[in-house]
Amino acid sequence: MSATVTRAPGAQQKRLAAYLDSLAQAAGHLDRIVPLTAYCAGLLLPGERKSVEPMAAKLAPDHVGSMHQSLHHFVADAPWEDEVLLDRALDTVLPAMLRQGPIIAWVVDDTGFPKKGQHSVGVARQYCGQLGKQDNCRVAVSVSVATEEASMPIAFRLYLPEVWANDRERRKKAGVPEEIEFQTKPQIALAEIKRARERGVPEGVVLADAGYGNDTQFRAQLTEWKLSYAAGIQSTVTIWKPGEQPAPASKRKGLGRPPRLLQRDAQHQPVTVKELALSLPASAWKNISWRQGVKDNLQSRFSALRVRPAHRDYWRADPHPEEWLLIEWPEGESEPTKYWFSTLPADLELTDLAHRAKHRWIIERDYQELKQELGLGHFEGRGWRGFHHHATLCIVSYGFLVAERSRFSPSARARHLGLRAPKPPQRFRPRGSPRTPRTA
C-alpha cells in the first residue's frame, strides 16, 4: 500500500495565494473569494481552453456542475468593479516592476478577437489585427505601463462600434451600461490615460501606432497634459519642411477686423512625410540597433528631423510647434516603412529616439501570452460585463507572472507555476470539441 505524499506549498505558491487573497478582498463580498481564486487558478493551470466549462472540469472533476455555475455567475453576473481589481493588482505588480527599473512608457494599443454572429457584444466587421484583415471581430483598447524589461496592461475597454452604440435593443440584451456612448479608439485611450494620471501611476512616454498618432486631437491632448509621445503616423500626413512654416496672416485691407489665420500660397505649401523622406540624402540615414531579437540584434535605418505638422493649420493663428519626425527605411525596401511624430526633447540623440519609439513591441509580447497561455480570447459569453470580467481576471493573473519575473524568476510562465489540479472526468469533452463522442 503506497503512501500519499503531500508537499507543502513553495514560496511562489505562497506568494500567489497572498496575491489572490488581496484581489479577492477587492472584489467586494466574501462569497466572491472562492470563485475568484478558482477562476485565476484555472487561467494559470495547464490547459488548451480557458473558458468556464473546461476550467470547471479541471478544477473540480467530481463537482463540475456546481463549479461551472459558481465560475459562470462570478464572471458573467457578479457586479464587481473591473477597475478596482486592476488597481489592486497594480499595487502588487508595480512595485515589483519598479525594483528592476523606472517606468519609461505608457503603451496604447488595441487587440482584436475574431468572433462570429451578431449578438456578442461589440462584434462587427472591422479590422482585426490577429487576422490581419477586415472580418467579424471585437476590439478592445488598452493602456500598459512598461519598464525596459516588463509591461502590464492597467486599463482595458471594449470598443463599441457605432452600429452597436446606436442599437438600443442589442445594447440591452448585451447589458451595455447606459453611460457608455460611442467613442473612437483614441477617445477611449485618452479616458484610460486620464484615469491612470489621476491614480498617480508613474508617467512615461506615450507610445501608440498610427491608428492613434494620426489623430491630431489625441496628440494635442497628450501635449496639454504635458505627456511626451512617440506616435506612429501614416505616410500621407503633411508637414512643413525643416525651417518652413505657413505664411502669416495677410495684412488688413480696408476696415474691419484684421485677418488672424495662417495662409498658404505658392511659396508656402506643406509636403507629405513620405515626400520629405524620399528627398533626404543618403547621409541622413543611420543604422541603429534597438534591441536583441530571438537570434540577432534588431536593426534598421533611421532618420529624424525637426518639423511642424501641417494639419489644418490654416484654421490657426499660430503654427503647430516643432516636433520630431522619425522615419524608418529598412535596407532593401523601396521606400520608408514607418513614420512617427514625437515630442521627446529636441536634443535627444537619434539612437535614443528610435529606441523609445520601437519599445511599443513589448505589448505584443504581453498579448501573445495573454491570448495563448491565459485564454484572453476564450470567453464564450455575449455580455458586456462578462467580457470585461474575463479580461480583467486574465490581466491580473498575468500580473502575478510579471511580478514573479521581476523577482529574478524569468521562468515564471503560465502553466509552469507548479499548481496542481485533479484530472478532469475521463469522458469529459468541452462544448465545441471535435472529439465530443456521439450520443446514442
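**Exercise 1. Which way does helix 1 pass helix 5, in a left-handed or a right-handed crossing?**

Helix 1 goes past helix 5 in a right-handed crossing (the near helix is turned clockwise from the far one by less than a right angle; anticlockwise would be left-handed). Helices here are DSSP runs of H or I with at least four residues, strands are E runs of at least two, and both are numbered from the N terminus.

Before going on, a note on the model: it is predicted, so local features need pLDDT of at least 70 and side-chain atom pairs count only at pLDDT 80 or more, while totals for chains, interfaces and linings use all residues. Residues are numbered from 1 along each chain as its sequence is written, and side-chain values use heavy atoms, with hydrogens and water left out.

Next, get the geometry: the axes of helix 1 (residues 11-26) and helix 5 (residues 82-98) come within 9 Å and cross at roughly 150 degrees. Axes are lines fitted to C-alpha atoms over the stretch in contact, with angles from 0 to 180 degrees between N-to-C directions.

The two helices are therefore roughly antiparallel to each other, a label for angles over 145 degrees.

Last, list who touches whom (heavy atoms within 4.5 Å). Helix 1 brings Tyr 19, Ser 22, Leu 23, Gln 25 and Ala 26; among the helix 5 partners are Leu 85, Arg 88 and Thr 92.

**Exercise 2. Work out what kind of aromatic pair Trp 285 and Trp 329 form, and which parts it ties together.**

Start with the count: the structure holds nine aromatic pairs. Rings of Phe, Tyr and Trp (its six-membered ring) pair if their centres lie within 6.5 Å; planes under 30 degrees apart are stacked, over 60 edge-to-face, the rest tilted.

Trp 285 and Trp 329 sit 5.4 Å apart, centre to centre, with 90 degrees between the planes, which is edge-to-face.

Now place them: Trp 285 is in the loop between helix 11 (273-279) and strand 9 (286-292), and Trp 329 in the loop between strand 11 (323-328) and strand 12 (338-342), so the pair ties together parts 44 residues apart in sequence.

Check burial too (under 20% relative accessible area, 1.4 Å probe, protein chains only): Trp 285 is buried at 12%, and Trp 329 is buried at 13%.

**Exercise 3. Find the rings that carry a charge over them.**

The criterion is NZ of Lys or CZ of Arg within 6 Å of the ring centre and within 35 degrees of the ring normal.

Arg 170 lies over the face of Trp 164, 4.2 Å from the ring centre. Lys 358 has its charged end over the ring of Trp 290, 4.6 Å from the centre.

Conventions: Buried < 20%, exposed > 50% of the residue type's maximum accessible area, 1.4 Å probe, protein only. Parallel < 35°, antiparallel > 145°, perpendicular 65-115°, else oblique.
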